[in-house]
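Visitor: Could you take me through one part of this structure up close? I'd like to hear about the salt bridges and how covered their partners are.

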Amino acid sequence: MVSVLGPRALQLSWTPPARPNGVIREYHINQSGAGLIFTDTQRAMRHTLTGLQPHTDYSFVLTACTSAGCGASQPSTGRTLQDAPVGVWASPRHVLVSPNEVELYWSEPSQPNGLLSQYRLLRDAALLFTGDRRNMSYTDTGLQPNSRYVYELEASTGGGSSRSDRYVIQTPVSSPEQIQPPYNVTVTSPRSVFVAWTAPGVFNASLPLEYNVLLNPGSKESLIRVAGRDQYLHLPGLHPFTHYLIRVQACQPDGCGVGKGVNVQTSEAAPEEMEAPIVKAVGPTVIEVRWTQPHKPNGFITAYFIHRRPVRSRQELLVFIWSQGPLEFIDASDVLQPFTEYEFRVKASNAQGSVTSPWASTLTLEAEPQGMTPPSAWPTSAYALLLNWTRPASPNGVISQYRVVYQKRQSDPTLNASPIIAVTVPGEVMQAHVFGLEPHTTYNARVEAVNGAGSVSSPWAMVRTMEASPSGLANFSVEKKEHGRALMLQWPEPDTPNGVIRMYNIYSEDNLEFSGLSRQFLFRRLEPYTTYSLVLEACTQAGCTRTAPQPITTEEATPSSSPPPITPQIKDSSVQLTWVPPTLPNGRILYYQVMGVTVEEGRVMTEDDYLKRAKVFFTENNTQASSFSYNVTGLLPWTRYKFLVRVVNSAGHADSPWVSVKTRQTSPRGLSPPTISHIEGNPYKLLVSWTPPADTNGVLLTYRIQRDNVSFHFSFDTSVLSYTDEDLMPYTTYSYAIIACTIEGCITSDPTNTRTLEAPPVLVEAPSVEDLTAYSATIFWNAPLIQNGEITLYILQINGEEIYQGKKLKTQASGLEPHRSYELRLKACTNGGCTTSKPTAIQTMEAPPTGLHAPGVKVTGSESVEVSWREPDHPNGLITSYELRRDGQLVYVGMDTRYHDFTLLPSMEYSYTVTANNSQGTTTSPQAVAKTHPSAPSGVAPPKLQTTGPSSILVEWDPPARANGVIISYSVYRRDPAEPNIKRHIFPPHHSSFQSCSVALTGLKPYYRYEVRVEACTLLGCAASDWASIQTLEAPPSGQNAPLLDLQTETNGIQTLFLLSWSPPAQANGKLLHYELYRRQVLENVAPSGAILVHRNISTSYHDAKLLPFTTYEYQVWAVNSAGRSGSPWARGRTGPAPPEGVRPPTFLRIHATSAVVDISPPRQAQWHC
């Protein structure tokens, strides 16, 4: 099972196979594409795989192995989680369209690590744009000229988000505007384009204007070609049949602008860079050919031509022409031969030419061999054949091996024998030996030739093996005769004679007993119940075969020669008997009987008397062992007994001789507990006395005393019956028991318990303290380790003064002083006396210090004060640190009692306090005050600026944050960022601007940026603020020039179209919103009137079409911003002539034979002056 742990980790776990078929020795994990990645020999049944790629599918196969082999599972697939993308906006691209507009382009992250869900574009850390994965560009407008902008792109997946590095773009100060798309884009060849364009609508005519042509701007394959000052360019080196977006970039020293684009596609050319096809043999006479289109198709591929030829041949053949469909071809023509190498190549064609790929070769697959002749075979022994053969007439591949197959030839033609593969040899071997055959047997043999596609078998060849020794010789059939003295032996023929039987022999213990062709023999002069090892031998011409030795046993007889039992171990109540089988058992022993009798001291008995009184103690039925043993129990200690063993078989029984034994002594019995008595007035002694045991069970040797289950190291004579025990512990319970012993053992009496008298306590421990404070302590103690009695009283002393008497183990001591040492003693008492502990010392806890005086302060300059202090009157502990605070702010922590405070402000009053700290608290001194000397001011903030009109601003400022003395003047500085000069205005204390902290600056330029700062001065120096900037308000434009008129021809060939262009006003005085173009018609001798608005836009050019021919017009341009408008002078122009209209038919006034008078009227619209 594959479990997902994260974007870069998977956990693999598994269970043992349902049918392991043995002991699993190890597991292997194979990863697709990576091979073996882990071997588990510890049966962990899991593996964590790290270092993977996010959002990636991985496939694994688990292999379990036993000692016999391995088995593999089905593939298991897991996909890692998504993660944040990597390589966001690795190659940022942009196109600066104008100072106010930029186009941004990006590509997918180099490692998406998941499915991209959105892009977020940020400008100066503010969100600018949000789009999905299809949005790969954004046009940012409304920018400020000559400004720096920082862009970041954020890409998000289901696993998180990542931001790109910061991408900084600087907008130009200004750039040409109203850049038109190229008006002439002509494809001149498959690799070149001619481009022509017009000048921008708005640019600075006083500065040089140069052009660049951008190809596919914003893409990874963008190109830029320099045109210089020309308005046309020939673009060579392009790719055939490729789409290009062509845009014109116009540049002046202050910056460049880019116009809209025109799409164009280059014309076709012959294809290029055709790779060799991929050819794969899928059969002996079938080849699959696949190919891809040329890397540079340079047009639409109309056909592919597939050529084939045998390797090392120049005779190629066109086998296929492709016109549509998948780029593949299956070559299954009849001329293809198995296991033959062929070459293919592809020619790709389009409308302009073709390209041919290199040759690619493949080898057709193998086919089954053909034409295998029968092998030559002859026997080399009774069990082996030698075969020779030749290669197949048609191998149809590489002969990898030959298989030699044989079968036994049956005498019955209705029976079939299964073929057996005897041996497999490599394909280059043409000979093989076949072993393991049956002797004197006819076999059929053949050879199979094998290649990668199949095999072919030769016809059968017949051969017979040589003779061998017989096999399958059976054991004798036995009949027992003459009461165990003879055997009748019979046997059958061998199962496999392997030839003609020429002799039978019988051996007994390697002695030849019979030789002949008869298959029975009477074997005489044998012993009863005796095993004989007989071997039968059968012989052919090739050799002899013997049976395994066959043991045969004669009939049984009564046992004889039974030895007496022996007694290896004799105890007080048991005797162990061992015996061996009789020397002549004469049959199978059925059982043994152990019989015994008690021998009475002083009484004479016969052998028969003992047998009559004897009883059976044990019957042993397992008679197969070589020796036997039985432990006779329940006997009396220190008593004599007689034992024998009776041997029984199916023919009768026999008794062994008697053996006499005497049981051993044992421990006594019936020992009473001792009597314990106190010694008057002595807690350290006890008197112990006892009586003899009721049954001694032998000779009593000693007495021993056992105290608290521990025996004394000495013993007493049997005449001693008391003992005084000394050096005992007072008020202690003791247990006493008596041990009485014979030579074979001891007995311990039940214990008697008693307690010694009381004594004074021993080892009184010193008291301990808990909950120790500065003014009190809880004192407790433990009972003495050795109390020697009942504790009747505890007495506690502090510095020799008793503060407690009683039986409790704890008391409270109060009224102590902080951080002071005290000595404690404890006295413990029993009815036997009192004992005092060793003294122990304690020290009370610390308390917050008290009595800290105000520090001493000394002013050492305008920015420093020296502070010193003394230790508190009552530290109440160890002072760990001092804290010095200035105006409540911590400035020093340490153990010094002096501190020099620097970096202060001039002419400021400061208060100082000191805090003394110990482990329990603090105390703070009264404050001490010091005032620093005066200095120059500091902390002058930038002024606040407010526009009051197109040519004035109001400047306001605050006094310095730290005057550091008396302010004697303020100065206001004004500067133009584009000019080096700075103007200064000084205001002494009597000036109104000094009092109000404000001033109005006038005479400024409209819609212009200024920077202002303020300076404050004391007698010891000055300090200035940072610059603050502001832009004045807009004013109506001024200095608008008249438009330029360029008469142009319309599509009908008549010049009735004016191209009007104009430049911006000399003073825009603000941001121009648009231009308004007015037109009026001028008639002769009539004052112009009735101007018409024909154009309103920010562009600085306009095509005025469909005018009247040969007519005078006047044009005026107005520049408009948010504050007003400004108009240019009128500019006049006349359209070109056109053919007349409204021509009437002529009128014939008089007609003569050779002349006529015709009246022709003028056209209603002459369109020109004659």
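Guide: Here's a walk through some of the charged pairs. Keep in mind that this is a predicted model. The structure holds 43 salt bridges, so let's pick out a few, beginning with Asp 1104 and Arg 1079, which form a salt bridge whose closest N and O atoms sit 2.8 Å apart. Asp 1104 belongs to strand E93 (residues 1101–1104) and Arg 1079 to strand E91 (residues 1074–1082), so this pair ties together parts that are 25 residues apart in sequence. Asp 1104 counts as buried because its relative accessible area is 3%, with the cut-off for buried being under 20%. Arg 1079 is buried too, at 17%.

Next, look at Glu 883 and Arg 885, another salt bridge, again with 2.8 Å between the closest N and O atoms. Here Glu 883 is buried, with a relative accessible area of 18%, whereas Arg 885 is partly exposed at 25%.

Now over to Lys 296 and Glu 273, whose side chains meet in a salt bridge at 3.6 Å, N to O. This one links distant parts of the chain, 23 residues apart: Lys 296 is in the loop between strand E25 (286–290) and strand E26 (303–310), and Glu 273 is in the loop between strand E23 (255–265) and strand E24 (278–283). Both ends are partly exposed, Lys 296 with a relative accessible area of 31% and Glu 273 with 44%.

Conventions:
Residues are numbered from 1 along each chain as its sequence is written. This is a predicted model: local features need pLDDT of at least 70, side-chain atom pairs count only at pLDDT 80 or more; totals for chains, interfaces and linings use all residues. Side-chain values use heavy atoms; hydrogens and water are left out. A salt bridge is a side-chain nitrogen of Lys or Arg within 4 Å of a carboxyl oxygen of Asp or Glu. Helices (H or I, at least four residues) and strands (E, at least two) are DSSP runs, numbered from the N terminus. Buried means under 20% relative accessible area, exposed over 50%, partly exposed in between (1.4 Å probe, protein chains only).
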